[in-house]
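Here's a quick briefing to read with the structure open beside you. Have a look at the fold, then work through the notes by topic.

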Amino acid sequence: FKTNITENAAVASFEYLGGAEYFDTPETFHAFYPYSKAIATEDFQNFTGLEIPAVQKAVENGFDPAAALCYATGQFTNLAFQNLTSLLKFTIDADEVYTVRVYATWGSKFAGACTFDGTALTASVNQVVLKGPMRKGKTFYMAVAPGTYETLDVYVNNEKLSDMTRTNKTLKAGKIYDMGKLGNNRKTVLDWYNYTTNPASTI
């Protein structure tokens, strides 16, 4: 398949170079974004080679484009991508912030190399580091695998801010969870389990 678009776009048209007769019989297509040569499958039900980077690039008012995985499947040529990740949102409330790290305790995994069974991601790493610099007053997003996590700890510049002691909190795909304002003064993180319904693709 080939497309002629040369810049970011919400919609792309692809041409199958093998000829139109390929579409005479309905086929099921599977597509992932961002593209990776490592993605593979033997049965078109279970996929390997996906990744949510454990180290992500800080983007003001956005997220690392390599981190927010999307998936689409369908017949013929109309494919609607769905977000596979959850997004953690926060606003920097301190000067000279260079890293924000979220660490999942008790063996929970929400980043790194992932597999996908057509419904959910299975991750391999228990932390994500967002690397800056990050300016005070600016908002950032971190992509993680959906799941239920007993405890998530938050660090700014390697200083632990707050223990997430609430248990069995579920992060859902396509949801944005607001962690509030993060500083470097051990300020308690409040209400960050409240989520908005905006899909990641609308940021």
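The notes below cover strands, packing, aromatic rings and charged side chains.

Keep in mind that this is a predicted model. One open sheet has three strands in the order E1-E5-E6, paired antiparallel. The largest nonpolar core has 38 residues, and a search of the whole structure turns up eight aromatic pairs. As for salt bridges, the count is one.

**The three-stranded sheet**

- The strand order here is E1-E5-E6, the pairing is antiparallel and the sheet is open. E1 (28–33) and E6 (82–83) sit at the edges with a single partner strand each, so one side of each has no neighbour in the sheet.
- E5 covers residues 70–75 and pairs with E6 through two bridges, in the antiparallel sense. Within that pairing, cysteine 70 is opposite asparagine 83 of E6.
- Tyrosine 33 belongs to strand E1. With a relative accessibility of 46%, tyrosine 33 falls in the partly exposed class, because that class runs between 20% and 50%.
- Leaving out residues up to four places away in sequence, tyrosine 33 touches Pro65, Ala68, Leu69, Cys70 and Phe81.
- Tyrosine 33 and leucine 84 are 51 residues apart along the chain, and their C-alpha atoms are 9.9 Å from each other.

**Strand E12 and its partner**

- Is E12 enclosed or exposed? Six of its six residues are buried, so E12 is largely enclosed by the rest of the structure.
- Both faces of E12 are covered: one side has Thr139, Tyr141 and Ala143, the other has Phe140, Met142 and Val144, and all of these are buried.
- E7 (residues 86–92) runs antiparallel to E12, and six bridges pair the two. Phenylalanine 90 is found opposite phenylalanine 140 of E12.

**Strand E11 and its partners**

- E4 and E11 run parallel and are joined by three bridges. Lysine 57 has lysine 131 in E11 as its bridge partner.
- E8 and E11, on the other hand, run antiparallel, with six bridges joining them. Here arginine 101 stands opposite valine 129 of E11.

**Nonpolar cores**

- As a general backdrop, nonpolar side chains in soluble globular proteins tend to be buried together.
- Which residues touch the most other members of the largest core? Out of its 38 residues, they are Leu50, Phe90, Val100, Phe110 and Met134.
- The elements that give two or more residues to this core are E3 (47–52), E7, E8 (97–104), E9 (112–116), E11, E12, E14 (152–156) and E17 (176–182). E8 supplies the largest share, at four residues.
- Phenylalanine 90 has contacts beyond its neighbours within four places in sequence, and these are Val100, Leu130, Met134, Lys138, Thr139, Phe140, Met179, Gly180 and Leu182.
- A separate core lies apart from the largest one and has seven residues, including Phe63, Ala67, Leu87 and Ala143.

**Aromatic rings**

- The whole-structure search finds eight aromatic pairs. One of them joins phenylalanine 32 and tyrosine 71, with the ring centres 4.9 Å apart and 40 degrees between the planes, which makes the pair tilted.
- This pair links distant parts of the chain: phenylalanine 32 is in E1 and tyrosine 71 is in E5, 39 residues apart.
- Both rings belong to buried residues, as relative accessibility is 13% for phenylalanine 32 and 10% for tyrosine 71.
- Phe32 and Tyr71 also belong to one aromatic cluster together with Phe47 and Phe116.
- Arginine 101 turns up again here: it lies over the face of tyrosine 155, 4.0 Å from the ring centre.

**The salt bridge**

- Which residues make the salt bridge? Glutamate 60 pairs with arginine 135, and their closest N and O atoms are 2.7 Å apart.
- This one also links distant parts of the chain, as the two residues are 75 residues apart. Glutamate 60 is in the loop between E4 (55–57) and E5, while arginine 135 is in the loop between E11 (127–134) and E12 (139–144).
- Both ends of the salt bridge are partly exposed, with relative accessible areas of 33% for glutamate 60 and 49% for arginine 135.

Key:
Residues are numbered from 1 along each chain as its sequence is written. This is a predicted model: local features need pLDDT of at least 70, side-chain atom pairs count only at pLDDT 80 or more; totals for chains, interfaces and linings use all residues. Side-chain values use heavy atoms; hydrogens and water are left out. Two strands pair if DSSP finds at least two bridges between them. A salt bridge is a side-chain nitrogen of Lys or Arg within 4 Å of a carboxyl oxygen of Asp or Glu. Buried means under 20% relative accessible area, exposed over 50%, partly exposed in between (1.4 Å probe, protein chains only). Contact means heavy atoms within 4.5 Å. A nonpolar core is a set of buried Ala, Val, Leu, Ile, Met, Phe, Trp, Tyr and Cys residues joined through side-chain atoms within 4.5 Å. Rings of Phe, Tyr and Trp (its six-membered ring) pair if their centres lie within 6.5 Å; planes under 30 degrees apart count as stacked, over 60 as edge-to-face and the rest as tilted. A charge sits over a ring if NZ of Lys or CZ of Arg is within 6 Å of the ring centre and within 35 degrees of the ring normal.
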